[in-house]
Amino acid sequence: MKILDGIYQLLTPFPQFTFDEAKKLRVELEARPRVTKGLPYVLPYMVKDGGDTLLIDCGWNTDDAYAALEIGMKEHGSHPSEVNRLFITHVHPDHFGMAGRLKRLADCDVIIHEKDAEVVNARYFAPKGLIDDMGRFMQMNGVPPLESPTMAQGSMGMIDKVSPVPPDTEVKGGETIKIGAFEFEIIWTPGHSPGHICLYEPNHKILFTGDHILPTITPNVSINSQTHGSPLGDYMRSLDKLDKLDVKYVLPAHEFDTKDLQKRISEIHHHHEDRLAEMLRCVDAGGSTAWEVAGRVKWATGMLKEFEPHMQRAAVGETIAHLEYLYERGQLAKVFRDAHLHWLPV
Ligand SMILES: [Zn+2]
Ligand SMILES: [Zn+2]
């Protein structure tokens with residue numbers, strides 16, 4: 001789909017959806033946004049001008065997703081083999097999955113933020129250590145021992161659908177990418193991922209938001225054994241970084257493109273403030289683990305006990321991110337007791 005001359009929105013399906021199902025959902029979701037059981041697709045974007053072809057994100061490394069990319073690019077007079085720059089907003093498998101395949105096909109310059117480049121190896125080339133770390137991390141946060149091995153391995157079934165590749169270019173944010181008449185500024189927006197990056201084109205007022213800002217859903221902002229500090233604090237500050245930009249086209253990696261950036265930023269702020277207040281109420285006077293808090297919170301998709309293991313892991317990680325942010329703001333204390341991390345009201 002053409003956004004404007006030289007900028008095209010493509011669509012690649014998630015593994016559990018066919019291309020046709022995903023395309024149909026793209027239309028339905030824009031007309032009537034709703035929570036689907038699992039995301040159906042990724043929206044990569046192609047920027048084509050002056051002989052250069054930039055691709056922003058790609059999709060899972062499945063034959064269906066590759067075929068969808070090929071069809072989408074052909075519609076606009078291009079082909080995956082013509083990609084000379086591949087910009088990865090963050091290294092989650094739905095955005096980065098096909099990167100290695102495209103690298104082999106097109107020998108493109110793969111651009112990733114240095115903070116996400118750091119996790120490529122641990123996440124995709126040597127995941128064994130990560131699985132063990134995750135198990136220990138979950139146990140420390142009160143996840144019952146029986147469930148933590150399953151939870152730690154929750155997302156590892158995805159690994160065969162990722163063709164990883166080390167980046168050719170590592171960026172920090174602040175650099176520019178020139179494609180024909182477009183001049184994109186890289187903006188570092190940590191939170192959803194430590195090295196998440198957005199691309200902003202001030203002359204055409206275009207902002208590619210990756211997973212940082214989506215029109216109706218909020219990205220998972222989570223802590224795991226690889227993250228440090230306060231990702232939710234980072235995320236909120238990253239929202240503020242974009243708030244002052246003059247933007248006409250908000251181009252996210254899921255759902256659909258939208259227009260009003262500032263309104264969406266304010267909605268997301270409110271969402272997290274509500275969530276923070278709810279989590280604070282779920283902490284016992286004598287202290288609670290993240291697992292206990294996650295079990296009391298109302299999730300959009302039901303209660304924690306009913307979730308699949310990898311969704312439980314995401315929910316516990318998201319809970320910790322909120323608790324850590326409350327700690328950062330001086331609203332909670334934490335103490336290590338009986339081999340578990342407990343959060344306490346102050
Ligand atoms: Zn993501
Ligand atoms: Zn995503």
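Me: What phi does Gly330 take, just after α11?
Reply: This is a predicted model: local features need pLDDT of at least 70, side-chain atom pairs count only at pLDDT 80 or more, and totals for chains, interfaces and linings use all residues. Residues are numbered from 1 along each chain as its sequence is written, while chains are lettered from A and ligands numbered from 1 in the order in which they are written. Helices (DSSP runs of H or I, at least four residues) and strands (E, at least two) are numbered from the N terminus. Just after helix α11, Gly330 has a positive phi of about 80°.

Me: Nice! How many of the 20 residues of α11 are buried?
Reply: α11 spans residues 309–328. A residue is buried if 20 or more other C-beta atoms lie within 10 Å of its own, with C-beta atoms placed from the backbone. By that count α11 is mostly covered, and its buried residues number 15.

Me: Which are the edge strands of the open sheet?
Reply: Seven strands form this mixed sheet, in the order β1-β2-β5-β6-β7-β8-β9. Strands pair if DSSP finds at least two bridges between them. Those pairing on one side only are β1 (2–4) and β9 (169–171).

Me: And which residue in β9 is the bridge partner of His113?
Reply: Strand β8 covers residues 109–113 and runs parallel to β9, with three bridges joining them. For His113, the partner in β9 is Val171.

Me: Last one: what share of the 346 residues of the protein is buried?
Reply: The protein has 11 helices and 16 strands. Counted over its 346 residues, the buried share is 46%.

Technical notes. Expected span 1.5 Å × (residues − 1). Buried ≥ 20, exposed ≤ 12 C-beta atoms within 10 Å, placed from the backbone.
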